[in-house]
Amino acid sequence: MKTLLIAEHNNQELKSVTLHALTAAKTFNSSIDIIVIGWQCDAVIQQATQLSGIQQVLAAQTEEYTHQLPENCAPLIADIVKEHNYSVVMATASTFSKNLLPRVAALLDVTLISDVTAILSPDTFVRPIYAGNALATVQDLDTIKILTIRNTAFPAALLVHQSPAAPIVNIDKNFSNDLSHFIKQELTQSTRPELTSAKIIISGGRGLKSAENFKLLESLADKLHAAVGASRAAVDAGFAPNDYQVGQTGKVVAPDLYIAIGISGAIQHLAGMKDSKVIVAINNDPEAPIFQIADYGLVGDLFKILPELETVLSK
Amino acid sequence: MKILVAIKRVIDFKTSVRVKADETDVETANVKMSMNPFDEIAVEEAIRFKEQEKANEIVVVSIGPEQCQEVLRTALAMGADRGILVKTAHTLQPLIVAKILRAIVQQENPRLILMGKQAIDSDNNQTGQMLAGLLNWPQGTFASKVACDNTSVTVTREIDGGLETLALTLPAVITTDLRLNEPRYISLPNIVQAKRKPIQMVSIEEFNVDLSPRLKILKVKPPEKRRSGIKVATVTELVDKLKHEAQVLS
Ligand SMILES: Cc1cc2nc3c(=O)[nH]c(=O)nc-3n(C[C@H](O)[C@H](O)[C@H](O)COP(=O)(O)OP(=O)(O)OC[C@H]3O[C@@H](n4cnc5c(N)ncnc54)[C@H](O)[C@@H]3O)c2cc1C
Ligand SMILES: Cc1cc2nc3c(=O)[nH]c(=O)nc-3n(C[C@H](O)[C@H](O)[C@H](O)COP(=O)(O)OP(=O)(O)OC[C@H]3O[C@@H](n4cnc5c(N)ncnc54)[C@H](O)[C@@H]3O)c2cc1C
């Protein structure tokens, strides 16, 4: 049995989400190869050779792979899976893998299991459905298993540098793409930790009332080395960028501490954060559903509470 | 340009979902059903293309039981032109849904397919990408902005780090994200008018697609409940608890 792990990266560095999939891959007790698809991404390939437990690093580099678009990356992966007889293909669930892996599955004519939260046996998995209101145990009857795993369910593999480094196998397969063209990326610049790996998240909702007020959260976040998240309502209203959204259709997070401020606690929001270790809710409505899942609830006006919180934390 | 929109009938997003006592599925008897919210956004976007005279026909398709007619009627009342209902009593996996949609695409020849990024029941987020792969068409997933000309479509996508913009050669598949648009309310005259629009019924067996499931659902369970917490009275008490009881602040 052989597992192929898909590296997520930006041609400069390996994204930490890949380390969660590595942990999940190890539960299969098979040999694990990782594939790096991109252009001028030697640094990423080097990082991949250092990951503990990796047998081989497959490196597919051509200019056509620069933006890792699914139109040519999916046929490339499907081709490699067939040629090298991989029986498991996996990645961490992210917008990158969710864009790419269903297309790979279709080309291989096999099913794909999204957002796996537990691997019970080599063919039996648990995944949440209905915004996490139910957990389905499913058995995959296909010979090739393709999975995306939830980063919150599998801890990131520790970065112990393996020696000797895994060998690099160059893949000379050039799939061209005349279907789609990359125009631009506008990435949110931030010096704070990433939402999906932060230990503390401060999240704001419609209760913040303006983009200006939302900045109050940012200074608090900086004090606690926390990431900033948002409800859909706060993003829709333009208080925060789209990549801050936590929930069923945004990011799924499980930090040590999640502080929800001015968020009512709709099931779609809870779906993205209810596995956090400790949840704090600050809301002026004592009946807000968020209090039902909060470990510590503080009822009151957030505009009074936030400055107080900053003062107390500065002591 | 003809646009095809795939719409799924799902448990209404405002309904709280309960797992059946025998742990085989969630309770669907007497539960309010409606169009998947992302698909409503897809229908709305198609109608906007038609209003801008970039599209001349909108065909909506749903695969499922007889009652899917209701969501097709909703789409027709919003402004779609005609519906196709592929009848089946089975719940289908995304790859099978994508194969049926491919067969419909081959009959209908649309230039653009709009779908939801994910159905809020099974939360798979797969079908559009699979359909694009089967057709070898480009895909613009998680779209928050779409602009079209005669030969290509520009799609701004919501990705983990921010936004990405791509140009896709037509024909193409687009899956919608929440911020693409806000679907319109349906007026009473439009509901009446929609009753006269055609819905074609086909049986799933006509498509020659292997329907045998590749995935077996062994069990459906409710998630573990969080133990209930406490209310604190002051900020000082909160910070004290976080430091000394929960030990998540130093
Ligand atoms: C298909 C679909 C997908 C969705 N996906 C997501 C998702 O991924 N993530 C997500 O978050 N939502 C999602 N939603 C939206 C979700 O249903 C809710 O509408 C949303 O989460 C509400 O955001 P909110 O709590 O910020 O706003 P509201 O529900 O308006 O809550 C605001 C809260 O702020 C409190 N407040 C107001 N003023 C103050 C004050 N001065 N001090 C203290 N508290 C105050 C109020 O008491 C209230 O509880 C989705 C919806 C649909 C239909
Ligand atoms: C408890 C349970 C048991 C199940 N058992 C089985 C089983 O035994 N066998 C089986 O095959 N399936 C079964 N399913 C169904 C299956 O898991 C999903 O419903 C199916 O895979 C579709 O996934 P999705 O809707 O999440 O797709 P997504 O990829 O999230 O949907 C994206 C988009 O695709 C389009 N789309 C999806 N479905 C349709 C449709 N029917 N008609 C029109 N457009 C559509 C819509 O535009 C939608 O927005 C079961 C589901 C549950 C919850």
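This report looks at ligand 1 and its surroundings, then at chain B as a whole.

The model is a predicted one, so keep that in mind as you read the values.

**Where the ligand sits**

You'll find ligand 1 between chains A and B. Its shell counts 31 residues, and the closest are A:Arg206, A:Ser231, A:Thr249, A:Ser264 and A:Asn283. By residue type, that shell splits into 15 polar, 11 nonpolar and 5 charged.

Three side chains of chain A put polar atoms by oxygen atoms of ligand 1:

| Side chain | Partner | Distance |
|---|---|---|
| A:Arg206, polar atom | oxygen atom of ligand 1 | 2.7 Å |
| A:Gln245, N or O atom | oxygen atom of ligand 1 | 2.8 Å |
| A:Asn283, polar atom | oxygen atom of ligand 1 | 2.7 Å |

How much of ligand 1 does the protein cover? On its own, ligand 1 has 990 Å² of accessible area, and the protein covers 86% of that. As for the elements that give two or more residues to the shell, chain A brings α6 (232-236), α7 (267-270) and α8 (302-314), while chain B brings α1 (37-51).

**Chain B overall**

Chain B, which lends α1 to that shell, is built with 6 helices and 13 strands. Its C-alpha trace spans about 65 × 45 × 40 Å along the principal axes. Of its 250 residues, 54% count as buried. The exposed area of chain B comes to about 11,500 Å², with carbon and sulfur atoms supplying 48% of it.

What about contacts along the sequence? Taking those in chain B between residues at least 6 apart, 69% join residues at least 24 apart.

Technical notes: Residues numbered from 1 in each chain as written. Chains lettered and ligands numbered in written order. Predicted model: local features only at pLDDT ≥ 70, side-chain atom pairs only at ≥ 80, totals over all residues. Heavy atoms only, no water. Near = heavy atom within 4 Å. Polar contact = N/O pair within 3.5 Å; in protein donor to acceptor, adjacent residues only side chain to side chain. Areas by Shrake-Rupley, 256 points an atom, 1.4 Å probe, with all protein chains shown as cover. Helix = DSSP H or I, 4+ residues; strand = E, 2+ residues; numbered from the N terminus. Nonpolar A, V, L, I, M, F, W, Y, C, P; charged D, E, K, R; others polar. Buried < 20%, exposed > 50% of the residue type's maximum accessible area, 1.4 Å probe, protein only. Contact = heavy atoms within 4.5 Å.
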